[in-house]
Amino acid sequence: ECLREGLYLKGPKHISGDISGRMAILGETHTGSFAVSLEEACYLGIVSRITGKLAGRIDASNQDIASELCNQIFGSAKVTLNSMGHSIRQGLPEVRHQVRHSVVHPIEGPCVAIRYSTEFGIFQIEAVLTEK
């Protein structure tokens, strides 16, 4: 279960998290970038819950889960957006693991961020979308 903590426009130096999955948003009329970024404690809690094994740190054996979280979250939103006639596809996610990093989106424009809290910690969803 997660609770929405806030919605805001993210600045270029705003910290996103400790591990992030980012992917391109591809469409006929729009292009953009989507990311899910998690603080380490939140990510490790989710990884432990998914795998059934205690994850003590972020490493090569569990970083792919960040890609999968990105795919699942955006995939759900994509179904809704496409049912509204938007014809959106998603690119392949890239993972970045660096303590207290800021996700850099390759698309210029305002970045909307939504922060959530969970029993494990904080995660954030970010999106930039522009018309072609």
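Is Ser33 buried or exposed? Ser33 is buried, because its relative accessible area is 1% and buried means under 20%. Keep in mind that this is a predicted model. The close-ups below start with that serine.

**View 1. Ser33 sits in strand β3 and is buried.** Strand β3 covers residues 30-38, and Ser33 is found in it. Have a look at the side chain: it makes a polar contact with the side chain of His105, at 2.6 Å. Setting aside residues up to four places away in sequence, Ser33 touches Arg22, Met23 and Ile25. It also touches His105, Pro106 and Ile107, plus Glu126, Ala127 and Val128. So His105 turns up both as a polar partner and in the list of touching residues, with Ser33 itself at a relative accessible area of just 1%, which is why it counts as buried.

**View 2. Helix α1 packs against helix α2.** Here we have α1, residues 40-51, and α2, residues 64-83. The two helices pack at an angle of about 90 degrees, and their axes are 11 Å apart. That angle makes α1 roughly perpendicular to α2. Who does the touching? On the α1 side, look for Tyr43, Ile46, Val47, Ile50 and Thr51. On the α2 side, look for Asp64, Ile65, Ala66 and Leu69. Sort the residues of this contact by class and you get 7 nonpolar, 1 polar and 1 charged.

**View 3. Phe34 and Phe74 form a tilted ring pair.** A pair of aromatic rings is described by the distance of the centres and the angle of the planes. The count for this model comes to 2 aromatic pairs. In the pair shown here, the ring centres of Phe34 and Phe74 are 5.1 Å apart and the planes are at 50 degrees, so the pair is tilted. Phe34 belongs to strand β3 and Phe74 to helix α2, so this pair ties together parts that are 40 residues apart in sequence. Phe34 counts as buried, at 5% relative accessibility. Phe74 is buried too, with a relative accessible area of 3%.

**View 4. Tyr116 and Phe123 form a stacked ring pair.** The centres of the Tyr116 and Phe123 rings are 5.0 Å apart, and their planes are at 15 degrees, so the pair is stacked. Both Tyr116 and Phe123 are buried.

**View 5. Ser102 lies in the loop between β5 and β6.** Strand β5 runs over 94-101 and β6 over 111-118, with Ser102 in the loop between them. Ser102 is buried, with a relative accessible area of 12%. What does its side chain reach at 2.8 Å? That would be the backbone oxygen of His14. The side chain of Ser102 also has a polar contact of 3.4 Å with the side chain of Lys10. Not counting neighbours within four places in sequence, Ser102 is in contact with Lys10, Pro12, Lys13, His14, Ser16 and Arg96.

**View 6. Ser87 and Arg100 have a positive phi.** Most residues other than glycine have a negative phi. Ser87 is not a glycine, yet its phi is positive, at about 50 degrees. You'll find Ser87 in the loop between α2 and β4 (88-90), and it counts as partly exposed at 35% relative accessibility. Arg100 has a phi near 50 degrees, again a positive value in a residue other than glycine. This one is found in strand β5. Arg100 counts as exposed, because its relative accessibility is 57% and the cut-off is over 50%.

Technical notes:
Residues numbered from 1 in each chain as written. Predicted model: local features only at pLDDT ≥ 70, side-chain atom pairs only at ≥ 80, totals over all residues. Heavy atoms only, no water. Helix = DSSP H or I, 4+ residues; strand = E, 2+ residues; numbered from the N terminus. Buried < 20%, exposed > 50% of the residue type's maximum accessible area, 1.4 Å probe, protein only. Polar contact = N/O pair within 3.5 Å; in protein donor to acceptor, adjacent residues only side chain to side chain. Contact = heavy atoms within 4.5 Å. Axes fitted to C-alpha atoms, helices over the stretch in contact; angles between N-to-C directions. Parallel < 35°, antiparallel > 145°, perpendicular 65-115°, else oblique. Nonpolar A, V, L, I, M, F, W, Y, C, P; charged D, E, K, R; others polar. Phe/Tyr/Trp six-rings, centres within 6.5 Å; stacked < 30°, edge-to-face > 60°.
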